[in-house]
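Work through the exercises below with the sequence and the model open. Try each task before reading its solution.

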Amino acid sequence: MMNNRINKYQEFGRLRGKHWMAQIDEMVWALSNGSKKVPFKREDFTYLYDAEEIVKLRFFSATAEENRVDSLVREIDHAYPSLNSCAFTHIAMFVQTSTKNPLMMHEFNKLSEVVAMFNIDAPVLWGLGEDDSIGEEIFITIILSKEGEQ
């Protein structure tokens, strides 16, 4: 029997050092081209090229047994507890919903819990886009980074 709360997609990627430029370029392109409602610009992410470490998290919400934002918060907290103690210096969050099921204000406010998991003092960039293929779910990409040595 299938568990309805299992996400369709999860990704955890860690990039270290400047030799990951192609992966960073691809990630920045995807974020800046996908965030049309609340857009990111390429120049918003210049800090990533000097980062010591970059962590990319991607999740689909689960809507079967709980509301979609609560499921995201729970899944992120459950899947990556070791990240809670890391000192990330920048956070970018890209949220996608369908046009028929947009992100509501109370859901946006609840997503602030995700920021608090990593570092409430770090600057946060928010992007919002639409993808009608995801139906009622929310798809979130979180980019966490630590500054490199100056």
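The exercises concern a predicted model and deal with its nonpolar cores, its salt bridges and one loop residue.

**Exercise 1.** Find which residues touch the most other members of the largest nonpolar core, and which elements each supply at least two residues of this core.

Solution.
- Step 1. The largest nonpolar core has 23 residues, and Phe118, Ile140 and Ile142 touch the most other members.
- Step 2. At least two residues of this core come from each of strand S2 (51-60), helix H2 (68-79), strand S3 (90-97), helix H4 (112-118) and strand S5 (139-147).
- Step 3. Take isoleucine 142 and leave out residues up to four places away in sequence: the contacts are Val55, Lys56, Leu57, Ile76, Ile91, Ala92, Met93, Val114 and Phe118.
- Step 4. Another core, of 13 residues, lies apart from the largest one; Ile24, Phe45, Tyr47 and Ile54 are among its members.

**Exercise 2.** Determine which parts the salt bridge between glutamate 53 and lysine 146 ties together, and whether the two residues are buried or exposed.

Solution.
- Step 1. The structure has five salt bridges. In one of them the side chains of glutamate 53 and lysine 146 meet at 3.4 Å, N to O.
- Step 2. Glutamate 53 belongs to strand S2 and lysine 146 to strand S5, so the pair ties together parts 93 residues apart in sequence.
- Step 3. Glutamate 53 and lysine 146 are both buried.

**Exercise 3.** Do the same for the salt bridge between arginine 68 and glutamate 107.

Solution.
- Step 1. The N to O distance between these side chains is 2.7 Å.
- Step 2. Because arginine 68 is in helix H2 and glutamate 107 in helix H3 (residues 105-110), the pair ties together parts that are 39 residues apart in sequence.
- Step 3. Both arginine 68 and glutamate 107 are buried.

**Exercise 4.** Classify glutamate 75 and arginine 74, which form a salt bridge, by accessibility.

Solution.
- Step 1. Their closest N and O atoms are 2.8 Å apart.
- Step 2. The cut-off for buried is under 20% relative accessible area.
- Step 3. Glutamate 75 has 9%, so it is buried.
- Step 4. Arginine 74 has 28%, so it is partly exposed.

**Exercise 5.** Locate leucine 103 and list its contacts, not counting residues up to four places away in sequence.

Solution.
- Step 1. Leucine 103 sits in the loop between S3 and H3.
- Step 2. Its relative accessibility is 17%, so leucine 103 counts as buried.
- Step 3. Leucine 103 touches Arg68, Val95, Thr97, Phe108, Leu111, Leu128 and Ile138.
- Step 4. From leucine 103 to arginine 68 the separation is 35 residues in sequence and 9.9 Å in space, C-alpha to C-alpha.

Conventions. Residues numbered from 1 in each chain as written. Predicted model: local features only at pLDDT ≥ 70, side-chain atom pairs only at ≥ 80, totals over all residues. Heavy atoms only, no water. Core = buried A, V, L, I, M, F, W, Y, C linked by side-chain atoms within 4.5 Å. Buried < 20%, exposed > 50% of the residue type's maximum accessible area, 1.4 Å probe, protein only. Contact = heavy atoms within 4.5 Å. Salt bridge = Lys/Arg side-chain N within 4 Å of Asp/Glu carboxyl O.
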